[in-house]
Amino acid sequence: MSIDPSHCGVCGAAVESGHPRIVADVAAAKTYSQAWRELLLTCGCRSVLSNRIWDGDTVVACLSVHFSKPDCELPKNNDLIAAATHLA
């Protein structure tokens, strides 16, 4: 699946790569355009973990969890996100 890079945030990157993606610090990340980065920061989002949801061999959705602190225990939460994605 190809996604327009100007709209490709962490969810788009997870879907396109086929792997979970982590943004440890939204303020420093080049993953987002300036407009998206400013919007996320305004909403209090400082870190993001995204994983794609599969139906067989097809990606059907993306689960994205946003945290209010940078590096908000992302490795610890990675297992939880993987479990939630599997259940979805």
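Start at the N terminus and follow the chain: its elements run α-β-α-β-β-α. That gives you three helices and three strands to find. Keep in mind that this is a predicted model.

**The whole chain**

Turn on the surface before zooming in. The chain exposes about 5500 Å², and carbon and sulfur atoms supply 57% of that. Of the 88 residues in the chain, 31% are buried. If you like contact maps, here's a number to go with yours: among contacts with a separation of 6 or more, 38% are between residues 24 or more positions apart.

**The sheet**

Now select residues 21-23, 47-55 and 58-67, which are strand 1, strand 2 and strand 3. Together you're looking at an open sheet of three strands, in the order 1-2-3, with antiparallel pairing. Strand 1 and strand 3 stand at the edges; each has a single partner strand, so one side of each has no neighbour in the sheet. Look along the sheet and you can see some turning: on average, neighbouring strands are at 20° to each other, direction ignored.

Zoom in on where strand 1 meets strand 2. Three bridges join this antiparallel pair. Which residue in strand 2 is the bridge partner of Val23? Pick Val48 and you have it.

**Over to strand 3**

Next, click on Val65, which sits in strand 3. Is Val65 buried or partly exposed? With a relative accessible area of 23%, Val65 is partly exposed, because buried means under 20%. Then add Ser47 to the selection: Ser47 and Val65 are 18 residues apart along the chain, and their C-alpha atoms are separated by 8.5 Å.

**Helix 1**

Select residues 10-17 to bring up helix 1, which lies across strand 1, strand 2 and strand 3 and runs at about 40° to strand 2. Colour Val10, Gly12, Ala13, Ala14 and Val15, which are buried residues of this helix. What do the buried residues of helix 1 pack against? Show the sheet again and you'll see: they pack against strand 1, strand 2 and strand 3. Before you leave, step on to Gly18, which follows the helix and has a positive phi, near 80°.

**The core**

Show side chains for Val10, Val23, Val26, Ala29, Tyr32, Leu40, Cys45 and Val48. These eight residues form the largest nonpolar core. You've already met Val10 in helix 1, and Val23 and Val48 as bridge partners.

Centre the view on Tyr32 and list its contacts. Leaving out residues up to four places away in sequence, Tyr32 touches Gly9, Val10, Val23, Val26, Arg37, Leu40 and Val48. Several of those are in the core you just coloured, including Val10, Val23 and Leu40.

**The cysteines**

For the last stop, show the cysteine sulfurs. How many disulfides does the structure hold? Zero. A disulfide is a covalent bond between the sulfur atoms of two cysteines, and the cut-off used here is 2.5 Å.

Try Cys11 first. Its closest cysteine sulfur is in Cys62, and the 3.4 Å between them is too far for a bond. Cys11 is partly exposed, at 26% relative accessible area.

Then go to Cys45, which belongs to the core. Cys43 has the closest cysteine sulfur to that of Cys45, but at 8.2 Å this is again too far for a bond. Cys45 is buried, with a relative accessible area of 6%.

Technical notes
Residues numbered from 1 in each chain as written. Predicted model: local features only at pLDDT ≥ 70, side-chain atom pairs only at ≥ 80, totals over all residues. Heavy atoms only, no water. Helix = DSSP H or I, 4+ residues; strand = E, 2+ residues; numbered from the N terminus. Buried < 20%, exposed > 50% of the residue type's maximum accessible area, 1.4 Å probe, protein only. Pairing = 2+ DSSP bridges. Axes fitted to C-alpha atoms, helices over the stretch in contact; angles between N-to-C directions. Contact = heavy atoms within 4.5 Å. Core = buried A, V, L, I, M, F, W, Y, C linked by side-chain atoms within 4.5 Å. Areas by Shrake-Rupley, 256 points an atom, 1.4 Å probe, with all protein chains shown as cover.
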